[in-house]
Amino acid sequence: MIALPIIGVSAADLTLRSAQLSPEQALSRQIGAADARVRPSHMGVAIYQLPDGSSSAPVGGYENFDGAAMPPEPPQELDTSTLPAGARVVKDAVGYGKIHTEHGLLDTDLHELDTQSPLVDGMFTLDRGRLPERAGEVAATTAFLRESGLFVGSSVTPRGATSSYKIVGAYELPSKLGKTEILAPPGSLIAPLDQALEASGGFGLRPNVSFLVKVSGEGFTWNMVKAANTKSLVVVSRAVRLNPPADADVPLFQQEPKEQYRQDAGRGSDMAVVVTVVGLAMLEICLLAGPAFAVGARRSRRQLGLVGANGGDRRHIRSIVLSGGLVIGAVSAVIGTVVGGVLTIALRPVLEEQLGVRFGGLDFRPLELAGIALLAVVTGLLSAIVPAVTASRQTVLASLTGRRGVRRANRVLPVIGLVAVTAGAVIALYGTASKMGATVVAGGSALAELGIVALTPVLVGLFGRLGRRLPLSPRLALRDAVRNRGRTAPAVAAVLAAVAGTVAVATYEHSRDLQARHEYVADLPHGAGVLETREHSAYKEVPALRAALSKELPVAVRADFDRLVVGMPSCESFSREPGCGRVEVIKPKEQRCPLYDVPGGPSSFTEEQARTLRQDWRCAETRRINQNAVVVADEKLLSVLAVTDPGSVAALKEGRAVSFDKRQVKDGRITLRVVVAKEGAQPSTPVGEDPAGEDKVLPVHLAPETAEAWGIQLVLPPATAKAAGLATAPSGSYFTLDGTASSEQRQKIAGEIDRMGVEAEVRIEAGYQGNDSLALLALTIFAGLATIGAAGIATGLAQADAEADLKTLAAVGAAPRVRRTLSGLQCGVIALMGVVLGSAAGILPAVGLRMVQRRELDALYQHSLSQGFVSEGAPYVPISVPWETLAQLIVVVPLGAALLAALVTRSSGALARRTAQ
């Protein structure tokens, strides 16, 4: 019982420490054998950086940074003017693409690097085969091979490539074991694929480029790093990482406070959480192990009585029992730390795969392991305190004769418990209105729970009053538990602690789930669906996707829609590529929201002006965002979207556009502007200005405000778009189903999409889908196991105490099943008391935390109202008890504990003479 947690903690300590790499190991995996890795910052201006290269900022700060100075594309070659003569440079380029696999398409990093250079040593580990040496060869990570279904010797083809590549080896990235990547010699993969994609009308690759640099002398010094920063280069330097400069020598810290870049913020609160968890875990172990020590002390009472008969006093009795706890704690510490270390070593490959990092080596921390071992010793000692005190209070005569005697109940402990419960409840209630909120609620709840633990003996006594109404066997079990509170109370408290945590989390999560269900915003009418591609370059495959949709799903109505195109059909929105472009809806100036039509935005207005403007219809916010805000479709689309306005349907049939946003419409017309990207031009337009382009003014029907278009703002009939000279490309389909789509049908359409190698998705609106069932089930199982364990220990102690009574029952002719029934009921009674008390105790923290959230959301709601934001209503923060989970705990768990105890108990024991009392 004590060793098991120590095994887990010591194994976790060794695993986490081994996964933490030393600076030299981390550098080896990041920059190989080079002295530095240099990469462009993409800002195009001088920068300051952290010594470790993890962050940077433009000189003068971001508030003075002109985004227009950013180059349209990062440089692909290194400016070597800042490097010393004789420096060796290896280019490292990483792009992104999709690879055809046995299952479809797989997102993969495309890596080009000279693997024959000594500068790359340590960056990857060859698993089998060899590294690529010539064009047409690649190596793949083991993660890629595992997910793709390919193997060394297979051929792979990136999507859009005109040729395939042979996999000649498998390797792994020691710090990114799960990364899917293929590696090729420089110039053999990214450049040919880039040319093939552009030739087919798609977008080329824009790889991230960095450079491994090797210099002579002391390495890449801090002065060299600062010189590189003037060229807008970020540097990860081995020399600087291992010997960082003083804060006074870091220009970034002179410009911005160092605390802004600290990554250990919150360590104090994290440590407090760890201490709290460890403390509660020790309490749980003590509550579970205490009765077990009491069993040993009870069975050794004759030996302890002989010690007293031969001149030993109470100190000796206590020392003997405490020494037993000390020895057991020490043995548990040794066994736990040794077994934890052995398990970590044996399971090292599995742990590395789970963490995604190869260990730099097994990092044993003697002081930490000694602290964990000491925790076991202290836990064993604390668990033996109550049994030691109880045993020392037994008289010599009672110990030798086996009599238990009668001891007055402790009157101080219940008073302390009552005070703790009251104080904890008050603190938790205060926390609901305190700025510290959840922290205060958690502290008050923990104090109240400890108070209930202290009150457990009294509460167990109250349960005893129910015994008079029960049949014989349950009455004997309940009265035995009440009369022997010294062994019953710790077990009930242990069950209480486990169940209280489970009920608290279950109540909190169940309440959050109800809130999420209430706040859920559907994307489409219930039962409707949409097929859409995620990238414009897949327009050629859309007709085949539509056909597959109608084939695999029970489609009732299918409304195909296209998108407007400027330039090549594969152009993405807001692309910088020359010849590409977009179509924008131009709102009339007087119908635009003033808050967002001036350079300063809302800050340009006084608070009162901003509050007034937010109530204006021009500044109304939309609940739904649709990437296809402007679509080209016919009237069937309105049928799928459940838009029943006759005027809108008639307008589409007549060839008129339909708008669902009155801010776009003026005098029955809408303006569409065709914007073409130009070389060197910025893709965005300054606030308050319209982009330059050619206008298309079209007649439009304005749908009533009650019509819900699910994020679509404008529908253009195909004939109207063609007549206006607007090019279109297939984009997807909205649809309704005849019934529902089964899991098999969903899998079939997903398989068809994978087979086509297209980035597309099919979404069917099914309403809110809760995701907390598995978590609640896991919590219930945990509480059940803890309950059965605690109740089982207490039952074993009860059987040791009641052996004489069982012999008497057998002697007077009681049926053999009475022994088994009594044992099962003893276990069930203890479990039931603990579960009932734990369920009541667990409600408090959940209610407190939800009240904190309610207060915070109410404050935000009131603030938004004061600022003029329009809201649909006050925040809904329910507090709901998961009755199904409580029923499982209160009914199923005690019943299961009782049945298990009855099954493992012998129905008859050897008939023996009962010792005279």
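**Exercise 1.** At which residue does helix 28 (residues 883-904) bend, and which proline follows within four residues?

*Solution.* The model is a predicted one, in which local features need pLDDT of at least 70 and side-chain atom pairs count only at pLDDT 80 or more, while totals for chains, interfaces and linings use all residues. Residues are numbered from 1 along each chain as its sequence is written, and side-chain values use heavy atoms, with hydrogens and water left out. Begin with the extent of helix 28, a DSSP run of H or I with at least four residues, numbered from the N terminus: its 22 residues reach 31 Å from the first C-alpha to the last, close to the 32 Å expected at 1.5 Å a residue. Next, take the bend, which is the angle between axes fitted to the seven residues ending at a position and the seven starting there; helix 28 bends by about 30 degrees at Val892, and Pro894 is the proline that follows. Finally, Pro894 is among the buried residues of helix 28, as are Leu889 and Val893, where buried means under 20% relative accessible area with a 1.4 Å probe, protein chains only.

**Exercise 2.** Find which kind of aromatic pair Phe561 and Tyr734 form.

*Solution.* Rings of Phe, Tyr and Trp (its six-membered ring) pair if their centres lie within 6.5 Å, and planes under 30 degrees apart count as stacked, over 60 as edge-to-face and the rest as tilted. The count by this rule is three aromatic pairs. With 5.0 Å centre to centre and 40 degrees between the planes, Phe561 and Tyr734 form a tilted pair. Both Phe561 and Tyr734 are buried.

Note on methods:
Buried means under 20% relative accessible area, exposed over 50%, partly exposed in between (1.4 Å probe, protein chains only). Helices (H or I, at least four residues) and strands (E, at least two) are DSSP runs, numbered from the N terminus. The expected span of a helix is 1.5 Å times one less than its number of residues.
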